[in-house]
Amino acid sequence: MSENPSTDTPGPVGIDELLERVRAGYDRIDPLAAAAAAEGGALLVDIRYAALRDRDGLIPGALVVERNELEWRLDPQGSHRAPEAVGHDLQIVVICNEGYASSLAVASLRLLGLHRATDLIGGFQAWRAAGLPVGSA
């Protein structure tokens with residue numbers, strides 16, 4: 001053990017550093033890549049809360065799972081899983097409003113063994129700005 005206990009354990013980390021660390025562990029994708037992934041069988045998962053979905057609309061075909069239920073709904077071994085949660089090899093693209101909360105959600109999904117989970121850079125707002133399809137809520 002070192003003489004300086006403060007270096008033995010990491011100290012607090014700010015959210016910007018946490019996001020950087022989390023994102024370093026996987027490749028995030030842009031809206032066009034997310035759309036192509038969905039066409040190839042990836043599961044788009046919208047974790048935005050209801051007020052944002054009502055205001056801005058929905059991505060057609062995306063599974064809506066609010067953030068507080070995400071792990072329970074996507075764990076392929078879980079008793080509360082969604083029918084779409086078919087296995088640990090499923091490619092999942094998590095979508096929040098602007099691409100921040102989704103990164104933290106991906107970290108949690110990867111801890112569950114969903115090793116192909118990623119998130120959408122810029123979130124729903126980037127999807128819409130790219131001119132990709134949006135339906136009404």
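**Entry 1: the cover over α5.** I began with helix α5 in this predicted model, and I looked up what lies over its buried residues: the cover includes α1 (15-23), α4 (70-74), β3 (92-95) and β4 (117-119). The helix itself spans residues 101-111, and the buried residues I listed for α5 are Ser102, Ser103, Ala105, Val106, Ser108 and Leu109. I wrote a general reminder beside this list: an α-helix has 3.6 residues a turn, so residues three or four places apart point the same way. I then checked how α5 is placed on the sheet, and I found that the helix lies across β3 and β4, running at about 175° to β4. Just after α5 I noted glycine 113, which takes a positive phi of about 95°.

**Entry 2: the order of the strands.** In which order do the four strands of the open sheet stand? I read the order as β2-β1-β3-β4, with parallel pairing. The edge strands are β2 (63-64) and β4, each of which pairs on one side only.

I went through the pairs in turn. Strand β1 (residues 43-46) pairs with β3 in the parallel sense over four bridges, and leucine 44 has valine 93 as its bridge partner in β3. Strands β1 and β2 also run parallel and are joined by two bridges. On the other side, three bridges join β3 to β4, again in parallel, and the partner of valine 93 in β4 is threonine 118. From β3 the chain crosses through α5 to β4, and I recorded this β-α-β crossover as right-handed. I found another right-handed β-α-β unit, made by β1, helix α3 (residues 50-56) and β2.

**Entry 3: which way the side chains point.** In a regular strand the side chains alternate between the two faces of the sheet. I looked for this in β1, where Leu43 and Val45 point one way while Leu44 and Asp46 point the other way, all of them being buried. In β3 I found Ile92 and Val94 pointing one way and Val93 and Ile95 the other, and all are buried here too.

**Entry 4: aspartate 46.** Is aspartate 46 buried or exposed? The relative accessibility of aspartate 46 is 0%, and because buried means under 20%, this residue counts as buried. Aspartate 46 sits in strand β1, and its bridge partner in β2 is valine 64. I also looked up its polar contact, and the side chain of aspartate 46 makes one with the side chain of arginine 48, at 2.6 Å. Leaving aside residues up to four places away in sequence, I listed what aspartate 46 touches: Arg53, Leu58, Ala62, Leu63, Val64, Val65 and Ile95. Two residues in that list, Leu63 and Val64, carry the numbers given for β2 (63-64), and Ile95 belongs to β3 (92-95).

**Entry 5: glycine 41.** For contrast I turned to glycine 41, which lies in the loop between α2 (31-39) and β1. Its relative accessibility is 51%, and since exposed means over 50%, glycine 41 counts as exposed. I also compared its place with that of arginine 116: the two are 75 residues apart in sequence, and 12 Å apart in space from C-alpha to C-alpha.

**Entry 6: the whole protein.** I closed with the overall figures, beginning with the six helices and four strands of the protein. From the N terminus on, I wrote the elements down as α-α-β-α-β-α-β-α-β-α. The C-alpha atoms fill a box of roughly 60 × 35 × 25 Å, taken along the principal axes. How much of the protein counts as buried? The figure I found is 40% of the 137 residues. The protein exposes about 7,700 Å², and carbon and sulfur atoms supply 53% of that area. Finally, I looked up the contacts with a separation of 6 or more, and residues 24 or more positions apart account for 66% of them.

Methods
Residues are numbered from 1 along each chain as its sequence is written. This is a predicted model: local features need pLDDT of at least 70, side-chain atom pairs count only at pLDDT 80 or more; totals for chains, interfaces and linings use all residues. Side-chain values use heavy atoms; hydrogens and water are left out. Buried means under 20% relative accessible area, exposed over 50%, partly exposed in between (1.4 Å probe, protein chains only). Contact means heavy atoms within 4.5 Å. Two strands pair if DSSP finds at least two bridges between them. Axes are lines fitted to C-alpha atoms, for helices over the stretch in contact, and angles run from 0 to 180 degrees between N-to-C directions. A polar contact is a pair of N or O atoms within 3.5 Å; within protein, one must be able to donate a hydrogen and the other to accept it, and residues adjacent in sequence count only if both atoms are side-chain atoms. A crossover is right-handed if, with the strands pointing away from the viewer, the path from the first strand over the helix to the second runs clockwise. Accessible areas come from the Shrake-Rupley method with a 1.4 Å probe; for residues, only the protein chains shown count as cover.
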